[in-house]
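Morning, everyone. I've got one structure to walk through today, so have the sequence and the viewer open while I talk.

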Amino acid sequence: MTLASSLEPTTEPLFNGLYVPLVTPFTDDLRLAPEALARLADEALSAGASGLVALGTTAEAATLTAEERETVIRVCSAACRAHGAPLIVGVGTNDTATAITALRELAARGDVAAALVPAPPYIRPGEAGTLAHFAALAEHGGLPLVVYDIPYRTGQTLGAGTITALGRLPEVVGIKHATGSIDPTTMELLDSPLPGFAVLGGDDIVLSPLVAAGAHGGIVASANLRTADYAEMIALWRRGSAAPARALGADLARLSAALFTEPNPTVIKGVLHAQNRIPSPAVRMPLLAASADSVRRAAPLAASRK
Ligand SMILES: O=C(O)C1=N[C@H](C(=O)O)C[C@H](O)C1
């Protein structure tokens, strides 16, 4: 997909449904395990995910070398190509110029559908500064952007006016809404949908009510497990089948709650390892592997429905 073709005016967002931010599997001695990543990518797309997110927070992207990041993108891109699915890549930096360089490099590859970009972490440039940052990325980055609104990690909140201004930038194709709540700003956003602008839930435990209220889908780490059920829950809400959607949503919220009892993605990796899907539950510091108790509590909830 070219930038020009993906930005043609349309009322339907470019992205809807489930996007799985894949974990990065390691060996016990913390080397990248690309074969396991390739299997996870194929399984997620075979299970009904609309696309993949590479190098999200869940991927421990901050601890990967440049060479490892390239391997992760290459492996995820191959899976997306095989399934005809879009690949979104996380770009997290608080320096506007560095972010533009990273976006341009991604755009030049030709296999990345969009970048998932948080408000500049730690700096707290204010809403006007954040808007200017994204406007610069939109103008010079050469790639569609999904704004990652996650104030508990970035330290920067965004009000409805700023989100609307971001959504009016043609290159900004959506927002990953992970503000920790469904609040008046959320409802304003969903009440006046911008044409072609996707609202994707990023707070795992409240994904179901957010989609019920009109979100187009989600990017949730929990969907590394029970991917088919997360995809189905979103599809059920989107076609108005409220009763089964509500029941499945409540079931998945219990799983998400168990997976987030310790820092993401430590419990998810523990459960994937218990399911023999990755070679090790290892995470890189400063994360510490999840406790056996947390993994034991989450594992039964992560078993697929019979
Ligand atoms: O990597 C992601 O994308 C996600 N990261 C969030 C986080 O760790 O804060 C959680 C969300 O489910 C997806």
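Let me start with a question: leaving aside its neighbours within four places in sequence, which residues is Thr58 in contact with? Have a look while I mention that this is a predicted model. Okay, here's the list: Thr58 is in contact with Pro21, Val23, Ala221, Asn264 and Pro265, once you leave out anything within four places in sequence. As for where that is, Thr58 lies in the loop between strand S2, residues 51-54, and helix H3, residues 66-83. It's a loop residue, but Thr58 counts as buried because 23 C-beta neighbours fall inside 10 Å.

I picked Thr58 on account of the record. An unreviewed UniProt entry carries the annotation "binding site" for Thr58 and Ile219. These span 162 residues in sequence, yet no two of their C-alpha atoms are more than 10.5 Å apart, so they gather at one spot.

So what about the partner? Ile219 is found in strand S8, residues 217-219. Ile219 also counts as buried, because 29 C-beta neighbours sit inside 10 Å. Beyond four places in sequence, the contacts of Ile219 are Tyr19, Pro21, Val53, Lys176, Leu200 and Gly202. Notice that Pro21 turns up in the contacts of Thr58 and again in those of Ile219.

Now the ligand. Which residues surround the ligand? They are Pro21, Val53, Gly56, Thr57, Thr58, Arg153, Gly202, Asp204, Ile219, Val220, Ala221 and Asn264. So both annotated positions, Thr58 and Ile219, are in that shell. By type, the shell divides into five nonpolar residues, five polar and two charged.

Next, the strands. S2 pairs with S3 in the parallel sense, over three bridges, and one bridge joins Ala54 to Val89 in S3. S3 covers residues 87-90, and it's covered on both faces: Leu87 and Val89 are buried on one side, Ile88 and Gly90 on the other. Move along and S3 pairs with S4, again parallel and over three bridges; here Gly90 has Leu116 of S4 as its bridge partner. S4 is residues 114-118, and five of its five residues are buried. Ala114, Leu116 and Pro118 point one way, while Ala115 and Val117 point the other.

That takes us to the core. In general, nonpolar side chains in soluble globular proteins tend to be buried together. Here the largest nonpolar core has 91 residues, and the ones touching the most other members are Leu22, Leu52, Ala115 and Leu145. Take Leu22: beyond four places in sequence, its contacts include Leu37, Leu40, Leu52, Ala54 and Cys76. So Ala54, which bridges to Val89, is also a contact of Leu22.

Last stop, helix H12. Seven of its nine residues are buried, so H12 is largely enclosed by the rest of the structure. The buried ones run Thr266, Val267, Ile268, Lys269, Gly270, Val271 and Leu272, and they pack against helix H11, residues 242-259, and H13. Just after H12, Asn276 has a positive phi of about 60 degrees. Further along, Pro281 sits in the loop between H12 and H13. Buried or exposed, would you say, for Pro281? It's buried, with 23 other C-beta atoms within 10 Å. Pro281 touches Lys269, Gly270 and His273, among others.

That's my tour, thanks. Questions?

Terms used: Residues numbered from 1 in each chain as written. Predicted model: local features only at pLDDT ≥ 70, side-chain atom pairs only at ≥ 80, totals over all residues. UniProt positions renumbered as here; feature names shortened; annotations may be inferred. Helix = DSSP H or I, 4+ residues; strand = E, 2+ residues; numbered from the N terminus. Buried ≥ 20, exposed ≤ 12 C-beta atoms within 10 Å, placed from the backbone. Contact = placed C-beta atoms within 7 Å. Core = buried A, V, L, I, M, F, W, Y, C linked by C-beta atoms within 7 Å. Near = placed C-beta within 6 Å. Nonpolar A, V, L, I, M, F, W, Y, C, P; charged D, E, K, R; others polar. Pairing = 2+ DSSP bridges.
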